[in-house]
Amino acid sequence: MDPESTQLQQAQLAAILGPDPGPFETLISHLMSTSNDQRSHAELLFNLCKQSDPNSLSLKLAHLLQFSPHIEARAMAAILLRKQLTRDDSYLWPRLSASTQSSLKSILLGCIQREDAKSISKKLCDTVSELASSILPENGWPELLPFMFQCVTSDSAKLQEAAFLIFAQLAQYIGETLVPHIKHLHSVFLQSLTSSSSSDVKIAALSAAINFIQCLSSSADRDRFQDLLPAMMRTLTEALNCGQEATAQEALELLIELAGTEPRFLRRQLVDVVGSMLQIAEAESLEEGTRHLAVEFVITLAEARERAPGMMRKLPQFISRLFAILMKMLLDIEDDPAWHSADSEDEDAGESSNYSVGQECLDRLAISLGGNTIVPVASELLPAYLAAPEWQKHHAALIALAQIAEGCSKVMIKNLEQVVTMVLNTFQDPHPRVRWAAINAIGQLSTDLGPDLQVQYHQRVLPALAASMDDFQNPRVQAHAASAVLNFSENCTPDILTPYLDGIVGKLLVLLQNGKQMVQEGALTALASVADSSQEHFQKYYDAVMPYLKAILMNATDKSNRMLRAKAMECISLVGMAVGKDKFRDDAKQVMEVLMSLQGSQMETDDPTTSYMLQAWARLCKCLGQDFLPYMSVVMPPLLQSAQLKPDVTITSADSDNEIEESDDESMETITLGDKRIGIKTSVLEEKATACNMLCCYADELKEGFFPWIDQVAPTLVPLLKFYFHEEVRKAAVSAMPELLRSAKLAVEKGLAQGRNESYVKQLSDYIIPALVEALHKEPDTEICASMLDALNECLQISGRILDESQVRSIVDEIKQVITASSSRKRERAERTKAEDFDAEEGELLKEENEQEEEVFDQVGEILGTLIKTFKASFLPFFDELASYLTPMWGKDKTAEERRIAICIFDDVAEQCREAALKYYDTYLPFLLEACNDDNSDVRQAAVYGLGVCAEFGGAAFKPLVGEALSRLNVVIRHPNALQPDNVMAYDNAVSALGKICQFHRDSIDSAQVVPAWLSCLPIKGDLIEAKVVHDQLCSMVEMSDRELLGPNNQYLPQIVAVFAEVLCAGKDLATEQTISRMINLLRQLQQTLPPSTLASTWSSLQPQQQLALQSILSS
């Protein structure tokens, strides 16, 4: 800056901070200016004042706050002071002199006493709270609390309200500083809530009390405030009785917050509290907004599962009242002509806000309370509604049924007959909106109650939907019937769908030529889904369908037809995938030409085509495989661009004075993180997620063909492992990691890597694996944790010994972390089971959450297995470190799945590390032997497999245990239900382990008994991996003319031939090709060497078809 302008600035600053108040007031008014230039110049000067003389600046602001006659200037001064005194980058307090600090504190308290304007009073309270939350804990403002207690007991309503507003904020920011005053606060809250005449004071006291209750960590402390609850509720009811609904709504919002965070505080007075809320919800004289908040309160309590499990299920009479209230809300619907004309998307024409709240709350209620509670209530009310004369009641019953299906699915599946009949009876209702609702219910039930509904009722549901497609008077009904076919077929196997295809495809082709775009779009989505579900069975319709689809793709070029063309792309690509590349190849070329020309054209940002096109390209790639490579150079640049989209984010403070314009923009989603409110444009996120998923598809499909793109894709996707704005983006990035590594490895192995070698694979692996480990460390979602572990495991399998020790170290440390976090989540759930109202329904939900935990542990087992297989004995030092985390998993108190995984990890160690693993036998074998007879068949399978491994590699260490091992295996093999589907894998592995004992410990057993016993169990047919091992062993023993196997005078020979016959008749399933040819050779030798009489008796013991099969095999 040149000296002149510096001088000018100095002069300006001197004037602003000088004795004349004028220049400072001008500066503040410019800070509020609507002109950008004027405002940014003022901001520059303000910041210079702050740097050069914070004391004068603060005192000037305080002076303005005290004496300015202009309300805007006082408001601005309060806001600016608060910003300077907030503990963030611009925190001024420590830079102020002691005298300035002391003046500011007393001025702020003085202003609170003097200020009459309500809006400024509130801003002053904010400023005081902000400063106090920083300095009060260190006792930096000893005058404040005495001042506040004095205000609360004064006779000025204004001061009482101000003190409570400050208490409310302090309880939120620094509650622990207030806890010592708990007694005093309790009496103050009680006094004001019961006897203040001002509703503003009562609301402020309510807010302070609720915040304070939430900051108390001990339940005994919270219980001291139980006696406030009747007074808290009275604040609400009195406001309603005086017609002050705005006040009542504020009170309701505060109580909803309490219900969400401290539901058990309400437990003792639950009946009164919920009763009052339902009364408000039923009172038709009140505003809708008030009644909706009362409903929200009760639903919030029902949803407070983690904090008060099962509490609301104890009030069945209230649940039926609430259900009735919500059903009544669904009646608030007009028969709007726009719905019938079906020219536009407004499916909800005629629906009121009551209707949409009712709909949303039924869904939430069913999910939070579950079917055992809701279905009995619904089965009383819904039939009554369906029997009533008004169409609105029929409509409401069907909408309610669709809404509760997700939460009640388990119970509704048990009563499918009633549910399906109830819906199908209304397909003939005279009112088209009711017929629409019936179709809607079938669509929703197909999703929530599938595949049971599809398997049991296809013969009733599909013809009903087909008939609805003929309702040409009501295009909206036709379109909806088509989209219900989509829901039905998504959960459906080809064998169910195929018999109906002629009829359904025929009707959908008629709808494709309908004049209404909505009907055409519905038909396209349904065709796509039917093709996807019927796969190759769709080939016979291909020639009839494809010309229509191509015609839409070529001709629907108008802006109003964008969605239609997008759906045509989706449909073509799914049909192509269903019928396969030979059938689709010629049309595929044409379609790709159209897509390429579209890709080159300028599209508007809100055009749905982009997202549909990204997906269509990826499906075409899956269909065409390597033939797709020439198109990659067209597809990839825009795809990378979409994957690299920055989220469109606006951040404001959660309580900011300039709220995000509460826009009606559907595509904005807001989340509150701490004290920040973040608004995100969802359409951008969805496009980004689609693009990331597609990148993953290409890498997966093209394998080494994807190599040229890795250098651009890896740096795009790796940072997205931590993209917390959108789960789908993270999931896609996670799935892509192993695909990228695999592509690089294959390209290098096949010499297609443009001159790059192994070191490139190492470089990529060194980039991806640490990034995955770090993302795993920060991942908040359990399901994504499991996916990350799965991806990490695949990466480890691909990288193998490329990994260096420090990477293995970080993976092992992360595994410890994962096991610890998982155990502590389980402990929290176990705590929940101790809640007063915990019931069977909660137990079910907990079980589901714990199953997800098992998925995580399962992946941990897989990763350890991979590391053990890769590094063998050199991994053992790490295994020793993990022992203290893994040993508890063998415990009887652990789930079967946890025990199984722990056993599998030991099996891997024993099998891969052989002699080096002998030192663990003493610790683990007793567990292993015990687990052989576990109640759970998967645990038994893992344990008996482990016995086989130890028999093979344990040598002298295993010898002393042979006797016990035999008796344990005997129990598994001799079990009466051993060969049932659930048990057969354990049986087969036990037989295999018995064979290993015969092979490696013959001298420790009574072989004349044990070997024939083993033979009598053959062949094994469940575990195809073990079958191949065992039947190969049998072959070797026959080749060596094993005495005990053949038996005295070859008496077991017919049995052996019978086993060979059965194995040979099973094709390649039960033995390797090598074993099969050895068996055939052995049989031919036997034909030559055995006496004819023995041969004849051996043949005669076989079944006729085995004799035939053997003759043809031996003669060929």
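I began by fixing my terms: a residue is buried under 20% relative accessible area, exposed over 50%, and partly exposed in between. The model I am reading is a predicted one.

Entry one, Lys-158 and Asp-116. I looked up Lys-158 and noted a relative accessible area of 27%, so I wrote it down as partly exposed. Asp-116 has 66% relative accessibility, and I therefore entered it as exposed. The two side chains meet in a salt bridge, with 3.5 Å from N to O. Because Lys-158 sits in helix H9 (residues 157-178) while Asp-116 belongs to the loop between helix H6 (98-114) and helix H7 (118-135), the pair ties together parts that are 42 residues apart in sequence.

Entry two, Lys-869 and Asp-908. I found a salt bridge here as well, and its closest N and O atoms are 3.8 Å apart. Lys-869 lies in helix H41 (residues 840-871) and Asp-908 in helix H43 (residues 896-913), 39 residues apart, and I noted that this pair links distant parts of the chain. Lys-869 counts as partly exposed at 43% relative accessibility, whereas Asp-908 is buried, with a relative accessible area of 13%.

Entry three, within one helix. I saw that Arg-968 and Glu-964 both lie in helix H47 (residues 962-974), four residues apart, which is about one turn of the helix. Their side chains form a salt bridge of 3.3 Å, N to O, and Glu-964 is partly exposed at a relative accessible area of 35%. I also recorded a network in which salt bridges with shared partners join Arg-825, Arg-829, Arg-832, Glu-849 and Glu-853.

Last, I searched the whole structure and the search gave 70 salt bridges.

Conventions: Residues are numbered from 1 along each chain as its sequence is written. This is a predicted model: local features need pLDDT of at least 70, side-chain atom pairs count only at pLDDT 80 or more; totals for chains, interfaces and linings use all residues. Side-chain values use heavy atoms; hydrogens and water are left out. A salt bridge is a side-chain nitrogen of Lys or Arg within 4 Å of a carboxyl oxygen of Asp or Glu. Helices (H or I, at least four residues) and strands (E, at least two) are DSSP runs, numbered from the N terminus. Buried means under 20% relative accessible area, exposed over 50%, partly exposed in between (1.4 Å probe, protein chains only).
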